[in-house]
Amino acid sequence: MDNDKKGNPIVKWLLIALSFIFVVLFLVLPLVTVITQSLRSGFETYKKAVTDSYTVKATVLTIEATVSAVAFNTIFGIFAAWLITKFKFKGKKFLTALIDVPVTISPVIAGLIFLLTFGRQSVIYPYLQSMGLKIVFAVPGVVLATIFVTFPFISRELIPVLETQGTDEEEAAALMGAKGFTIFRRITFPHIKWAFLYGIVLCTARAMGEFGAVSVLSGHLRGKTNTLPLHVEILFNEFQYVPAFAVSSILVMMAVIVLAIRSILEYRGKKAE
Amino acid sequence: MYVELKNINKSFGDFKASDNVSFEIEKGTLVGLLGPSGSGKTTILRMIAGLETPDSGDIIINGKRVNDVPAGKRGIGFVFQNYALFRYMTVYDNIAFGLTVQKVDKRKIDKRVNELIELIGLKGLEKRYPSQLSGGQRQRVAFARALAPNPQLLLLDEPFAAIDAKVRQELRTWLKDMIQKLGVTSIFVTHDQDEAIEVADTIIITNKGKIEQVGTPREIYTLPKTAFSCSFFGNASYLNNYEKFLSFDKIEGVEKAIVRPEFIKITKKDEFQKYVASVSEGVVEQVMFRGDTTEVIVRVNDSVIVAKRGLDEPTIDVGEKVNVFIYRIFVTVGDNAYLLENKNLNESSVVI
């Protein structure tokens, strides 16, 4: 009878074992490989690969693209989630579906679409050129592609939380004379902050690792439009395995830092509550 | 008149929530908006608060038309059905919120909040979060939060709906006392007749977006003017052919005849019945113990009616033949209701 409540211990251990095997096989092992491979030829080679000027430029561009994507999608995500959960209007379902498009279509296709939209074949290309805007095979294209593929990450995290909250608390605050921003800051934000943080983490991780769409739009110009994942690919294709793994380890470290920041924030926040 | 609604109309798509609603409320009264669910009572409340805008008509508060005044500027306190307490704020911050957004001096806020916490009897719980309070305590906090900025009008949406029966009784009395003590004009919405009768000074009955009747609880209960108000109160039963019951005036065009348990006297065949001349014979179909009374369901003249008997009276069994005497009947003709008294009552009193 006790088993009914606590669950079968065999099932429990089976599930733990399975999860453990999966985590080791698909997460820990590759990570360990990245680190060991990158240090295979000693720390000096590693240092050389990491401090290589192309690598540094790729890192800076990756950080730039990531920060832009997170900033843009934070603003957009909050607005979209707010609009979808707090207002009624025609075409709401359509808009909700549209927001999901970036995660449902392949990034390579997304890249191609942008290439056709902003490239030489496009009708708007002459206007872009007359304004001096170069998007395709340039940094704006990389940023644009990154923003596009990470588009729904923050709004998707916020929508379910805002939906369950309802509008009562906001109405109550508005009735007492609170203005829009005060309502957001004091009523809505405390409610969504963990989902929001999680959305930012997801968005950051995805933005740093984006390959497909960026690959199409960047044109692989070394030192100009190469991001870290593209740089890894180039090195790998040039049979420079150790540098490729060394550059990969930069991405791994960036991911670890983001996760650590999130954990610290969450731990502190939950303790304060 | 403190609050006035003039010819208010409001539709949600095809649904007419308010159909030419007009009424007036005097300053200092406690008004109950009573009606079944979907009757438009909450919509009326939300329009007064400014949370909905009427399609047409005027809302006047304290002599000023407020249709275009935003909700936050109407000086209204609102208690939501599920309280809508700010879950990430403490009891103290919840109550202080209204004053904080008005940028009132910190010391004044502190004084007012402490005063209210004292008033609602939650001293010592200032630092709690809403999730750490019982239903009754949350309601008190919602009440205090609505009152903190000194509103001239307090609106309460189903204030007791989310509370269990025992605490509800206690809170009703508490709320009525509080409102009387503070003298703030208040309107509350309820679907519970007993609640409206017990708490309100004035009851406004709504049905299908229309106002059926306005009056004191006594007026509404004893002299319902419309077919709906007749049937909404008490545990009403319908008589299929009221003409068969003796000693009542006959009226043209009667659609429904309604009796409430207190209009009926059931006596055993061997019990004394003063008006024995106008009784009908009925058969007991069901007897249910209700705690303070016994509910008896009797089939008489092809109608099934609900009556009550005191616990001190001899018990009645199912299947027993009994005398049924009816003191009065509500009859409805179209939308209007009339009260028919048993004529035998007057004749007897003349004899004595």
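Two strands are counted as paired if DSSP finds at least two bridges between them. With that in mind, one such bridge can serve as a way into this predicted model: B:Leu154 has B:Ser186, in strand 8 of chain B, as its bridge partner.

The bridge belongs to a longer pairing, for strand 7 of chain B, residues 153-157, and strand 8 of chain B are joined by five bridges in the parallel sense. Another pair in strand 8 of chain B is formed by B:Val189, which is the bridge partner of B:Asp157. Between these two strands the chain passes through helix 5 of chain B, residues 165-182, as it goes from strand 7 to strand 8, and the resulting β-α-β crossover is right-handed.

Strand 8 of chain B also pairs with strand 3 of chain B, residues 30-34, the two running parallel and being joined by five bridges. In this pairing B:Leu34 stands opposite B:Thr190 of strand 8 of chain B. As a general matter, the strands of a sheet pair through backbone hydrogen bonds, and they may do so in a parallel or an antiparallel way.

Is strand 8 of chain B mostly covered or mostly uncovered? The strand, residues 185-190, is mostly covered, since six of its six residues are buried. The side chains can be followed in two sets: B:Thr185, B:Ile187 and B:Val189 point one way from the strand, while B:Ser186, B:Phe188 and B:Thr190 point the other way, and all of these residues are buried.

Stepping back from the single strand, one finds an open sheet of six strands in chain B, arranged in the order 6-7-8-3-9-10, with mixed pairing. Strand 6, residues 76-79, and strand 10, residues 210-215, are the edge strands of this sheet in chain B, each of them pairing on one side only. From one strand to the next, the twist averages 15°. Helix 4 of chain B, residues 135-147, lies across strand 6 and strand 7 of chain B, and the helix runs at about 165° to strand 6.

On the scale of the whole chain, chain B is divided into domain 1, covering 3-225, and domain 2, covering 232-351. The centres of these two domains of chain B, taken over C-alpha atoms, are separated by 39 Å. Where the domains are in contact, six residues come from domain 1 of chain B and six residues from domain 2 of chain B. The side of domain 1 of chain B that touches domain 2 of chain B has, by class, four nonpolar residues, one polar residue and one charged residue.

Chain A is built from other elements, with 15 helices and zero strands. Its C-alpha trace spans about 65 × 60 × 30 Å along the principal axes, and of the 273 residues in chain A, 33% are buried. When contacts in chain A are taken between residues at least 6 apart in sequence, 78% of them join residues at least 24 apart.

The last step is to the place where the two chains touch, with 14 residues of chain A in contact with 17 residues of chain B. On the side of chain A that touches chain B, the elements giving two or more residues are helix 11 (168-175) and helix 12 (180-209) of chain A. Helix 11 of chain A gives the largest share of that side, namely seven residues. By class, this side of chain A has eight nonpolar, three polar and three charged residues.

Methods. Residues are numbered from 1 along each chain as its sequence is written. Chains are lettered from A and ligands numbered from 1 in the order in which they are written. This is a predicted model: local features need pLDDT of at least 70, side-chain atom pairs count only at pLDDT 80 or more; totals for chains, interfaces and linings use all residues. A residue is buried if 20 or more other C-beta atoms lie within 10 Å of its own, exposed if 12 or fewer, and partly exposed in between; C-beta atoms are placed from the backbone. Helices (H or I, at least four residues) and strands (E, at least two) are DSSP runs, numbered from the N terminus. A crossover is right-handed if, with the strands pointing away from the viewer, the path from the first strand over the helix to the second runs clockwise. Two residues are in contact if their C-beta atoms, placed from the backbone, lie within 7 Å. Ala, Val, Leu, Ile, Met, Phe, Trp, Tyr, Cys and Pro count as nonpolar, Asp, Glu, Lys and Arg as charged, and the others, Gly among them, as polar. Domain bounds come from an automatic or database domain assignment. Axes are lines fitted to C-alpha atoms, for helices over the stretch in contact, and angles run from 0 to 180 degrees between N-to-C directions.
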